[in-house]
Amino acid sequence: DGLCSRAGGGGGGGAGTAPHGSPRGPAEPMFSVAALVEKVPRGPAPGEAVYLCLYMGPRNVPMMQREVRSDRRCPLCGHDAADDRGMQLHLQATHPQFSFRARTENSKFFVLIRRKATKPD
């Protein structure tokens, strides 16, 4: 199971997940990329990519799952992108059910992944 596998179902916590903050509604932004970068326990090595996936866990508690990679493989489907820009384009074109915020800082690539809010019928 890949990163954000629970984002679709909103199931219980598992390895690599930790509650963050207080429950919020789906329309309200939960975190900024900069704030999440500060919460990464160890700084990634130059060239590494850090993917932070936010989703709602049990009892509407915001959860975060983190994956650090040395390559540019998509954490959602395994697609091999050549570089940071290629990964950004792939994520936006191939995974429309998620929103992405990405930035490169000191040759490190940070991506915040969130499930897009759906409107009730």
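Is Asn-60 buried or exposed? At 51% relative accessibility, Asn-60 counts as exposed. Welcome to a quick tour of this predicted model, covering one helix, the strands around it, two cysteines and a few unusual backbone angles.

**Helix α2 and its packing**
- Helix α2 spans residues 84–94, and its buried residues are Asp-84, Met-87, His-90 and Leu-91.
- These four cover an arc of only 120 degrees around the axis, so they sit on the same side of α2.
- That buried set packs against three strands: β2 (49–56), β4 (98–105) and β5 (108–115).
- At the N-terminal end of α2, Asp-83 acts as the cap, with a side-chain oxygen 3.4 Å from the backbone nitrogen of Arg-85.

**Strand β5 and its partners**
- Strand β5, which α2 packs against, is mostly covered, with 6 of its 8 residues buried.
- With β2, strand β5 runs parallel, and 6 bridges join the two.
- Within that pairing, Tyr-51 has Val-111 of β5 as its bridge partner.
- With β4, the pairing of β5 is antiparallel and extends over 8 bridges.
- Here Arg-101 is matched with Leu-112 of β5 as its bridge partner.

**Positive phi angles in the loops**
- The hairpin of β4 and β5 has 2 residues between the strands, and Asn-106 there takes a positive phi near 50 degrees.
- Ser-107 is also found in the loop between β4 and β5, and its phi is near 60 degrees, a positive value in a residue other than glycine.
- Ser-107 counts as partly exposed because its relative accessibility is 41%.
- Asn-60, from the opening question, lies in the loop between β2 and β3 (62–69).
- The phi of Asn-60 is near 55 degrees, again positive in a residue other than glycine.

**Two cysteines without a bond**
- If you are setting up bonding, note that the count of disulfides comes to 0 when the sulfur atoms must lie within 2.5 Å.
- Cys-74 is in no disulfide, and the nearest cysteine sulfur, that of Cys-77, is 3.8 Å away.
- Seen from Cys-77, the closest cysteine sulfur is the one in Cys-74, and 3.8 Å is too far for a bond.
- The surroundings of the pair can be read from accessibility: Cys-74 counts as buried because its value is 3%, while Cys-77, at 45%, counts as partly exposed.

Methods
Residues are numbered from 1 along each chain as its sequence is written. This is a predicted model: local features need pLDDT of at least 70, side-chain atom pairs count only at pLDDT 80 or more; totals for chains, interfaces and linings use all residues. Side-chain values use heavy atoms; hydrogens and water are left out. Buried means under 20% relative accessible area, exposed over 50%, partly exposed in between (1.4 Å probe, protein chains only). The arc is that of the directions from the helix axis to the C-beta atoms. Contact means heavy atoms within 4.5 Å. A polar contact is a pair of N or O atoms within 3.5 Å; within protein, one must be able to donate a hydrogen and the other to accept it, and residues adjacent in sequence count only if both atoms are side-chain atoms. Two strands pair if DSSP finds at least two bridges between them.
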